Structures are given as C-alpha cells and as structure tokens.
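Ready for some practice in reading a fold? Have a look at the sequence and structure below, then try the exercises before you read the solutions.

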Amino acid sequence: MKKTIQKSTSLKGEVRIIAGLWRGRKLPVLHAEGLRPTGDRVKETLFNWLMPYIVDTYCLDCFAGSGSLGFEALSRQAKQVTFLELDKAVAAQLHKNLQALKCTTEQAKVINQNSLQFLKSAQNTPHFDVVFVDPPFHFGLAQQTIDLLTQHNWLKPNALIYVETEKNQSIVVPTHWQILKEKITGQVCYRLYYSHTTSN
C-alpha cells in the first residue's frame, strides 16, 4: 500500500525492494497524508503470486505513492511501469528514485495526475498486462478504478489486476474477471484477478 491524498512534507521513510535486480535496495519515501507503503509481508505474497507472469509485462501502478509495487515489478524485470501519483512532491520523489535506479524513460514514467481522471480517457488499444489498484481507503476509489479500467479499454487480454481494500469493503468486478488469489492480513484484504478477455 502506498497512498497519497494531498499534503506532503520533507520528512522521509523508506521502502525496501524484496527481490530481483535491486534486491535489498532501500528507497526514500516522503511522509504524506494518506500514504501507506505496502508492508513487506503483503508485497512478498503478491509477487509470489505474480512470479510466473511479471517478466516483460507493461504495468500500471495506480495511486502510486511510495511506488513500492511499481519498483518491485521493475526489479523483477517488468518491461515498463507507469506510476500515477496526484501529489506533486511525492511524484517528484518517484522521479528521483527512478533516477537513482538508473531507469530509462522506456522502463518507467511518472504521471503527476489524479488516477481516476487519467483512466477516463478511452483507449483504442489496450495498454497494460498488470495493474496495481491500491488506493487510499474509505473513499470508494477501488471500485471506481475497476469500473474505469474496464469501461475505457485499458487492459490487455489476459491481464492481471491486483486490488487492495479495507477488509470489509465489497467490490463488484466484471463477469469475465476470475479471482485467482485472495488473502486478509489484519484490516486489509488483497486480491489478484485474471481478466479472461479484453476489457470490453
């Protein structure tokens, strides 16, 4: 989890890359309102689920915040990650961390924009193999994101979609999505879906 809503400060924490090219690397993270970096335990479980699929994929990290999931995907040799982040200072820190990792613009890009606004643009050609949906809790953002991903043709055939919500938050997914994995840790529920067809 890795959220932001608005205000950020100059105080920093850090996230750790668990495995792959940058295994053990720690990256600085701005403390910002609503930002909750995904814990190592949850992240390790997720990427164990994704291990057979992640190499050479095009990924979208919605509500990127610390970028914890996107950086982990890059470390495990995803082809490209797009980070969506609303907070300007947090987005700038993502840029700095990508530079520190010597990522090229072909490997990663940061878009300083509201994730829902970004996803409202209809696509002629689907873009993403893997999408991380890990928004701030208690705003209904996960459901809105799921709806926009499918309505506007963002998902490639056979895409994988990771969705993280508060434990008691119900969501409705398209009929062609199949749940592959689901787990609850504390107050967090996280799920991995497989999209059998294109999003339309």
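Here are four exercises on this predicted model, each with a worked solution.

**Exercise 1. Find which strands pair with strand 4 (residues 80-84), and in which sense.**

Solution. Start with strand 3 (residues 58-62): strand 3 and strand 4 pair in the parallel sense over four bridges. Within this pairing, Leu 60 stands opposite Thr 82. The chain gets from strand 3 to strand 4 through helix 2 (residues 68-75), in a right-handed β-α-β crossover.

Next, turn to strand 5 (residues 108-111), which pairs with strand 4 in the parallel sense, over four bridges. Here Val 81 has Ala 108 as its bridge partner. Helix 3 (residues 88-100) carries the chain from strand 4 to strand 5, and this β-α-β crossover is right-handed.

**Exercise 2. Work out whether the faces of strand 4 are covered or open.**

Solution. Begin with the general pattern: side chains in a regular strand alternate between the two faces of the sheet. Now sort the residues: Gln 80, Thr 82 and Leu 84 lie on one side, Val 81 and Phe 83 on the other. Finally, check burial: five of the five residues of strand 4 are buried, and both faces are covered.

**Exercise 3. Identify the residues that touch the most other members of the largest nonpolar core.**

Solution. This core holds 35 residues, and Phe 83 and Phe 132 touch the most other members. Helix 1 (residues 40-50) gives the most to this core, with five residues. Apart from it lies another core, of 23 residues, which includes Cys 62, Phe 63, Leu 116 and Phe 118.

Then follow Phe 83 outward. Leaving aside residues up to four places away in sequence, its contacts include Asp 61, Phe 71, Leu 94, Leu 98 and Val 110.

**Exercise 4. Describe the aromatic pair of Phe 118 and Trp 154, from geometry to burial.**

Solution. First, the geometry: the ring centres are 5.0 Å apart and the planes meet at 25°. Planes under 30 degrees apart count as stacked, so this pair is stacked.

Second, the location: Phe 118 sits in helix 4 (residues 115-119), while Trp 154 is in the loop between helix 5 (141-151) and strand 7 (155-166). The two are 36 residues apart, so the pair links distant parts of the chain.

Third, burial, for which the cut-off is under 20% relative accessible area. Phe 118 counts as buried because its relative accessibility is 15%, and Trp 154 counts as buried at 4%.

Lastly, the wider setting: the whole structure has eight aromatic pairs. Ring pairs also link Phe 47, Trp 49, Phe 132, Tyr 162 and Tyr 190 into a cluster.

Notes:
Residues numbered from 1 in each chain as written. Predicted model: local features only at pLDDT ≥ 70, side-chain atom pairs only at ≥ 80, totals over all residues. Heavy atoms only, no water. Core = buried A, V, L, I, M, F, W, Y, C linked by side-chain atoms within 4.5 Å. Buried < 20%, exposed > 50% of the residue type's maximum accessible area, 1.4 Å probe, protein only. Contact = heavy atoms within 4.5 Å. Pairing = 2+ DSSP bridges. Right-handed = clockwise from strand over helix to strand, strands pointing away. Phe/Tyr/Trp six-rings, centres within 6.5 Å; stacked < 30°, edge-to-face > 60°.
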